[in-house]
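Hello,

Here is the structure I promised to pass on to you. Have a look at it first, and then read my notes below.

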Amino acid sequence: MKKGTRTFKTPTLSTILLLCALGTGCSVGDEAATPAQEMIAPGMIWVSGGEFTMGSDDPLARPRERPPHRVKVNGFFMDPTPVTNAQFGEFVEATGYVTTAEKPADLAEIMKQAPPGTPEPDPEMLAPASVVFTPPAGRVPLDDHFRWWSYVKGADWRHPGGPGSSIEGKSDHPVVQVSWYDATAYAEWAGKRLPTEAEWEFAARGGLDGKVNVWGDEPLAEDAGRVNTWQGSFPNEDLGHDGYSGTSPVRSFQPNGYGLYDMAGNVWEWCLDHYRPDAYAQRAGGGLVVDPKGPSSSFDPRESFAEKRVQKGGSYLCNDSYCSGYRPSAREPGSPDTGTGHTGFRCVMASSSGG
Ligand SMILES: [Ca+2]
């Protein structure tokens with residue numbers, strides 16, 4: 001199937017609202033799609049939008065998640081799960097798309113993101129590669145993520161752990177080792193787009209406004225079986241008490257209040273927004289913020305010359321000793337050209353104003 005031949009259509013907000021007004025569906029988080037929903041957005045969940053408190057002042061919340069502020073989002077359809085290997089494979093088969101990790105790195109792009117005076121990398125480092133979690137044998141300080149992340153030649157979405165690894169038997173796992181550009185290309189092919197950070201966080205909360213977690217204020221308990229995170233000594237050994245070490249098939253855990261799966265844990269998910277740690281501070285204090293699209297450009301003080309996009313939701317590597325990234329307010333910067341073994345995405349369809 002070639003690009004453009006799929007039956008997905010991008011509806012306008014007026015189409016959606018008209019169908020809702022006719023009483024043909026569109027209830028919040030109605031997992032069983034109505035005929036109207038199925039016609040507009042096959043397999044997607046309608047999230048009717050509303051006001052919520054974005055960010056958090058919980059003790060676990062980092063400065064980048066503060067201050068909490070009131071935000072309103074308009075309604076949108078959202079994929080009920082992260083995009084799976086099977087779904088991404090359908091896209092690749094239809095289009096011949098080659099992901100970022102499967103291509104040699106662009107030296108000019110790399111140098112643009114490096115501080116002036118940085119020497120060029122060894123040409124060998126430009127070979128197709130991606131970022132793989134490689135647990136160290138012993139305890140290491142948790143302030144240096146290079147101790148457990150490796151740049152591995154031959155790692156890509158079909159080989160998420162590098163050469164010799166595969167996605168055989170994982171067709172219903174989230175696709176990983178996809179860059180923001182790869183995620184955007186998939187979304188465009190599907191007639192969708194990536195969610196804004198505000199849409200993502202509103203959806204993740206599932207109607208539980210102001211709660212610490214997607215299930216409420218109760219802390220993450222290893223034996224609760226709520227989400228796919230990390231148990232054990234990070235980053236050395238994941239005991240997999242929740243049933244999984246590594247990614248899990250989508251729909252393995254209970255959905256949130258809107259019928260959305262894996263909005264906490266399993267894989268981080270790319271959002272549309274540029275990342276800035278002070279994005280919330282810049283827009284708070286001005287009253288209700290409506291459908292924010294994020295800053296016009298990014299800034300990450302740890303890599304001040306590199307572009308960054310927002311990732312949300314946490315992953316199977318998250319735990320309270322390190323990032324507590326499974327909380328809906330948690331946010332991480334990601335280089336748009338960099339996939340990892342614990343980053344995927346899902347798509348939305350919304351009004352034309354959403355981009
Ligand atoms: Ca796990």
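The notes below cover a small set of strands, the nonpolar core and two helices. Please keep in mind that this is a predicted model.

Let me begin with the sheet. It is open and has three strands, in the order β1-β4-β12, with antiparallel pairing. At its edges are β1 (45-47) and β12 (348-349), each of which pairs on one side only. Strand β4 (residues 76-78) is joined to β12 by two bridges, and F77 stands opposite M349 in β12.

The sheet residues come up again in the core. The largest nonpolar core has 68 residues, and those touching the most other members are I45, F77, M78, A183, L194 and A203. For M78, the contacts beyond four places in sequence are M44, I45, V47, P195, A203, L260, R346 and V348. In general, nonpolar side chains tend to be buried together in soluble globular proteins.

Two helices are worth a look as well. Helix α5 (residues 180-189) has W180, D182, A183, A185, Y186 and A187 as its buried residues. These pack against α3 (85-95), β7 (268-274), β9 (309-312) and β10 (332-334). After α5 comes G191, with a positive phi near 75°.

Helix α6 (residues 197-205) is mostly covered, with nine of its nine residues buried. Among them are the charged-letter entries E197, E199, E201 and R205, along with W200 and A203. G206 follows α6, and its phi is positive too, near 55°.

Happy browsing, and do write back with your thoughts!

Best wishes

How values were computed
Residues numbered from 1 in each chain as written. Predicted model: local features only at pLDDT ≥ 70, side-chain atom pairs only at ≥ 80, totals over all residues. Pairing = 2+ DSSP bridges. Helix = DSSP H or I, 4+ residues; strand = E, 2+ residues; numbered from the N terminus. Core = buried A, V, L, I, M, F, W, Y, C linked by C-beta atoms within 7 Å. Buried ≥ 20, exposed ≤ 12 C-beta atoms within 10 Å, placed from the backbone. Contact = placed C-beta atoms within 7 Å.
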